[in-house]
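Visitor: I should like to learn how to read a structural model feature by feature. Could we begin with the backbone and then turn to the side chains?

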Amino acid sequence: LLRKNFVRAADYAKQSLALSQKIGFKKGEAKSVNILGEIHYRKGEFKEAELEFNKALAIYEAIQNISGVAETKNHLGTCFYKRGDNEAAIKNFTQALRVFEDLKSLDGLTATYINIGLVYDNLKDFKKALQFLTNDGKEEIKAEYGAISTSTASIVLRKIIEIEKQGAELFFGEKAFEGEDLLRMDDNGDG
C-alpha cells in the first residue's frame, strides 16, 4: 500500500470509493472499502479493519461476487486471528476455503490454508490441522462450516512439503511478515 504511506493510500481509496459510488460501480466500491480495511489492518487497527471488511462483504454478497466474498472472508479471518479470536478466524477461513474450492482457485486455497496455519502457530501444527480437517475432524467441521475437500487439502499439503524441502520452513511459524519487507527499493520505489 504505497510503501506504507497509509495517508496517501487512504486518500486514493476514498477517491476510488467516491467515484465508484458516483457511477454506481458496486465492485469498485467493494474493492475500495476492502483497501480501506487493509490500511487499518496494516496499521494494527483490527476493529476498524473488521468494520471496513464487513462493509465490503455486504457489497460483494449483494452483487453475488463470490471471489470477493471469499477474499473478504479471508481478510476477516486475519482480523479475528490478530485479535486472538481463533474460533472466529477459523470460521471465516473455512468459509473462504469452500468458495475457493468451488472456484478451483489454488492461489486462494493456498493463502487461506496458510492463514489457518498461522492460527495453529507453526508448520508442524499446521500439518496436524490439515490432517485433522480432512480426517478425524471432518464431520465436526462439515456440520458447522461445510465440507473441505480431502484432495484439495492433500494438494496444498504436498506443495507445503515441497516448499519446506526448498528451505521455506524458515518462514512458517512467523507471526506475520509483509512480502514487501523482503524487497529492497530505491527512492523511486523500484525494486
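Guide: Let us start just beyond a helix: helix 4 is followed by Gly84, whose phi is positive, near 85°. Please keep in mind throughout that this is a predicted model.

Visitor: Which residues other than glycine have a positive phi?

Guide: Most residues other than glycine have a negative phi. Gln64 has a positive phi, near 55°, and its place is in the loop between helix 3 and helix 4. Lys104 also has a positive phi, near 55°; this residue is found in the loop between helix 5 and helix 6.

Visitor: Are Gln64 and Lys104 buried or exposed?

Guide: Gln64 is exposed, because its relative accessible area is 69%, and the cut-off for that class is over 50%. Lys104 is likewise exposed, with a relative accessible area of 70%.

Visitor: How does one read the length of a helix, taking helix 4 as the case?

Guide: One compares its end-to-end reach with the expected value. Helix 4 has 17 residues and spans 24 Å from its first C-alpha to its last, close to the 24 Å expected at 1.5 Å a residue.

Visitor: How many residues of helix 4 are buried?

Guide: Of the 17 residues in helix 4, 13 are buried, and the helix is therefore described as mostly covered, given that buried means under 20% relative accessible area.

Visitor: How do the axes of helix 4 and helix 6 cross?

Guide: The two axes come within 11 Å and cross at roughly 10°, helix 6 being residues 106–119. Helix 4 is therefore roughly parallel to helix 6. On the helix 4 side, the contact is made by Asn74, Thr78 and Tyr81. Helix 6 contributes Ala111, Thr112, Asn115, Leu118 and Val119.

Visitor: Turning to charged side chains, how many salt bridges are there?

Guide: The count comes to four salt bridges. One of them joins Glu50 and Arg83, whose closest N and O atoms are 2.0 Å apart. Glu50 lies in helix 3 (residues 46–62), whereas Arg83 lies in the loop between helix 4 (66–82) and helix 5 (86–103), so the pair ties together parts that are 33 residues apart in sequence.

Visitor: Is each partner of that pair buried or partly exposed?

Guide: Glu50 is buried, with a relative accessible area of 15%. Arg83 counts as partly exposed, at 38% relative accessibility.

Visitor: Which salt bridge has both residues in helix 3?

Guide: An α-helix has 3.6 residues a turn, so residues three or four places apart point the same way. Glu52 and Lys55 both lie in helix 3, three residues apart, about one turn of the helix. Their side chains meet in a salt bridge of 3.7 Å, N to O. Glu52 counts as buried at 13% relative accessibility, and Lys55 as partly exposed at 46%.

Visitor: What is the N to O distance in the salt bridge of Glu45 and Lys43?

Guide: The side chains of Glu45 and Lys43 meet at 3.7 Å. Glu45 is partly exposed, with a relative accessible area of 24%. Lys43 is also partly exposed, at 43%.

Visitor: Finally, how many aromatic pairs are there, and which residues form a pair?

Guide: The count comes to one aromatic pair. Tyr41 and Phe46 form that pair, with ring centres 5.3 Å apart. Their planes stand at 65° to each other, and the arrangement is therefore edge-to-face, the cut-off being over 60 degrees.

How values were computed
Residues numbered from 1 in each chain as written. Predicted model: local features only at pLDDT ≥ 70, side-chain atom pairs only at ≥ 80, totals over all residues. Heavy atoms only, no water. Phe/Tyr/Trp six-rings, centres within 6.5 Å; stacked < 30°, edge-to-face > 60°. Buried < 20%, exposed > 50% of the residue type's maximum accessible area, 1.4 Å probe, protein only. Helix = DSSP H or I, 4+ residues; strand = E, 2+ residues; numbered from the N terminus. Expected span 1.5 Å × (residues − 1). Axes fitted to C-alpha atoms, helices over the stretch in contact; angles between N-to-C directions. Parallel < 35°, antiparallel > 145°, perpendicular 65-115°, else oblique. Contact = heavy atoms within 4.5 Å.
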